[in-house]
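Hi everyone, thanks for making time for this one. I'd like to walk you through a model, so please have the viewer open and stop me whenever you like.

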Amino acid sequence: MPLTSQLNSLTDGEVAAYALEQGLNFALLREPMQPSATLLVSEECYEGHMPTRREGFLCAPFANDHFLFFPDQYTRNISPGPGASIMTSVDTGKYVSGLEAPTEYLASVSELVEILRQKGGKTVFSHRFEVAEVREPFEIFAGLCRKYPNAYVYCWHKAGKDDIWIGATPELLLRSRDAKLETMALAGTRCVTDGIDTPWDDKNIEEQSMVTEYILDTFAHCGLSAHAGSTHTLAAGPVEHICTDISARYGAGYDLESLLLELAPTPAVAGSDKAASLAFIQSHEHYDREYYGGYCGLIKPGGCFDFYVMLRCAKLVITTRHAYIYVGGGITAASVPQEEWAELCAKASTLAPFLIRNTN
């Protein structure tokens with residue numbers, strides 16, 4: 001039976017699970033402030049260069065050294081459903097390892113602060129929390145959609161792999177509409193101030209300004225004249241960030257692949273200067289970020305697209321039913337290691353309560 005006929009016979013609640021069970025590539029995506037999600041299913045997957053003139057799901061890892069593409073063989077708008085409730089009554093420490101600040105993390109951040117005091121710039125240093133006994137992925141996805149209506153919620157799987165990548169990100173990498181590109185410089189983090197218009201401190205302002213400058217320079221290097229719009233505070237669950245909206249018009253000669261390869265990873269997920277930051281990350285994080293800090297999204301009819309940075313990100317391991325949560329923070333010369341650790345825990349709290357499967 002053709003793929004379309006098989007999937008059309010299933011309900012919204014069955015179709016994503018069927019794709020996973022049958023070893024198909026799929027992406028389940030909910031754009032900000034939308035009531036429904038888009039499910040894309042494909043029997044094909046291409047790795048390598050940017051696809052041309054094809055609609056489908058595109059993603060790239062943090063290293064941004066190749067593209068992963070699922071061509072659109074079947075799409076369907078589905079209702080995410082009620083989803084997982086946040087586990088407020090569960091002892092999070094019982095299921096999430098590493099909530100106490102590890103000595104190695106604090107030592108690495110202290111070392112990094114000293115380097116940055118001498119050389120300037122910033123580096124985004126991350127940590128990986130492990131979660132035991134996670135829920136079903138589509139229950140997690142639906143819960144994130146309900147809790148974070150302003151976020152881009154994603155859940156995708158490459159056939160033949162033992163993992164699913166899932167998360168709820170606030171950060172747009174690049175959008176195209178009507179010959180116009182849009183992006184944002186998103187950086188700086190603090191706990192939500194509950195509507196109080198509290199000024200941002202110098203450390204966070206400096207961190208975010210580096211991202212803005214980098215994006216404007218990258219657009220210019222690619223022959224695009226970009227405009228930085230308003231700067232505002234953007235809430236993302238229990239934390240908020242400084243955000244500057246950036247846009248540019250483009251003509252027939254612009255090269256999307258070259259722009260993406262130069263733009264990502266931005267200082268918001270890597271650092272500035274980029275080369276030194278990537279070298280420190282590789283030597284001190286002791287794990288592969290894989291798709292954490294990469295980007296994903298749909299290429300739509302007419303060449304329109306929405307690519308979002310994969311933040312607030314978890315890798316679900318299918319066979320063992322556990323997960324890794326990836327979170328990071330921008331380290332500058334003004335950083336305090338214990339405060340950076342508290343920021344990581346706050347970011348992890350956007351995901352952890354939805355992943356935990358209460359076995360009591």
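Let me begin with a question: how many salt bridges does a search of the whole structure find? The search gives 19. Please keep in mind that this is a predicted model.

I'll start with the pair between lysine 300 and glutamate 31, where the closest N and O atoms are 2.6 Å apart. Lysine 300 sits in the loop between strands E16 (295-299) and E17 (305-309), and glutamate 31 in the loop between strands E1 (25-30) and E2 (37-42), so this salt bridge ties together parts that are 269 residues apart in sequence. How covered are the two partners? Lysine 300 counts as partly exposed because its relative accessibility is 21%. Glutamate 31 has 25%, so this residue counts as partly exposed too.

Next, please go to arginine 135 and glutamate 139, whose side chains form a salt bridge at 3.4 Å, N to O. Here the arginine is buried, with a relative accessible area of 11%, whereas glutamate 139 is partly exposed at 33%.

A further pair is glutamate 285 with arginine 289, and their closest N and O atoms are 2.7 Å apart. Are these two buried or exposed? Both glutamate 285 and arginine 289 are buried. Some salt bridges share partners, and in this way Glu31, Arg175, Arg177, Lys180, Glu182, Lys300 and Asp306 are joined into one network. So the lysine 300 and glutamate 31 we began with are both members of that network.

As general background, side chains of opposite charge can pair when their charged atoms come close.

Now for charges of one sign. Which residues form a negative surface patch? They are Asp201, Asp202, Glu206 and Glu339. To find glutamate 339, look in helix H9, which covers residues 337-348. Glutamate 339 counts as exposed because its relative accessibility is 55%.

Let's zoom out to the overall picture. The chain has ten helices and 19 strands. Along its principal axes, the C-alpha trace spans about 65 × 60 × 40 Å. For the polymer-minded among you, a compact globule with 360 residues would have a radius of gyration near 21 Å, and the chain agrees with that, having 20 Å. As for burial, 53% of the 360 residues count as buried.

Now some backbone geometry, which I suspect you will want to check for yourselves. There is a cis peptide bond between alanine 264 and proline 265, with omega about -5 degrees. Proline 265 is placed in the loop between helix H7 (256-263) and strand E15 (271-272). Another cis peptide bond joins serine 272 to aspartate 273, and there omega is about 10 degrees. Aspartate 273 belongs to the loop between E15 and helix H8 (274-284).

What about phi? Glutamate 133 is not a glycine, although its phi is positive, at about 55 degrees. Glutamate 133 lies in the loop between E8 and H5, and at 34% relative accessibility this residue counts as partly exposed. Aspartate 178 also has a positive phi, near 50 degrees, in a residue other than glycine. You'll find aspartate 178 in the loop between strand E11 (172-177) and strand E12 (180-191), and with a relative accessible area of 67% this aspartate is exposed.

Back at the loop with glutamate 133, please click on valine 134, which lies between strand E8 (122-131) and helix H5 (137-147). Valine 134 counts as buried, at 3% relative accessibility. Measuring C-alpha to C-alpha in your viewer, how far apart in space are valine 134 and glutamate 21? The answer is 18 Å, with their positions 113 residues apart in sequence.

My last stop is phenylalanine 354, in helix H10 (residues 352-355). Its relative accessible area is 1%, so phenylalanine 354 is buried. Phenylalanine 354 and phenylalanine 141 are 213 residues apart in sequence, yet their C-alpha atoms are 8.7 Å apart in space.

That's my tour. To recap the charges, we have 19 salt bridges and a negative patch that includes Glu339. Thanks for listening, and I'm happy to take your questions!

Methods:
Residues are numbered from 1 along each chain as its sequence is written. This is a predicted model: local features need pLDDT of at least 70, side-chain atom pairs count only at pLDDT 80 or more; totals for chains, interfaces and linings use all residues. Side-chain values use heavy atoms; hydrogens and water are left out. Patches are made of residues with over 30% relative accessible area and no salt bridge: like charges are joined within 9 Å, nonpolar side chains (Val, Leu, Ile, Met, Phe, Trp, Tyr) within 5 Å. Accessible areas come from the Shrake-Rupley method with a 1.4 Å probe; for residues, only the protein chains shown count as cover. A salt bridge is a side-chain nitrogen of Lys or Arg within 4 Å of a carboxyl oxygen of Asp or Glu. Lys and Arg count as positive and Asp and Glu as negative; His and the chain ends are not counted. The place of a charge is taken as NZ of Lys, CZ of Arg, CG of Asp or CD of Glu. Helices (H or I, at least four residues) and strands (E, at least two) are DSSP runs, numbered from the N terminus. Buried means under 20% relative accessible area, exposed over 50%, partly exposed in between (1.4 Å probe, protein chains only). The radius of gyration is taken over C-alpha atoms; the globule rule is 2.2 Å times the number of residues to the power 0.38.
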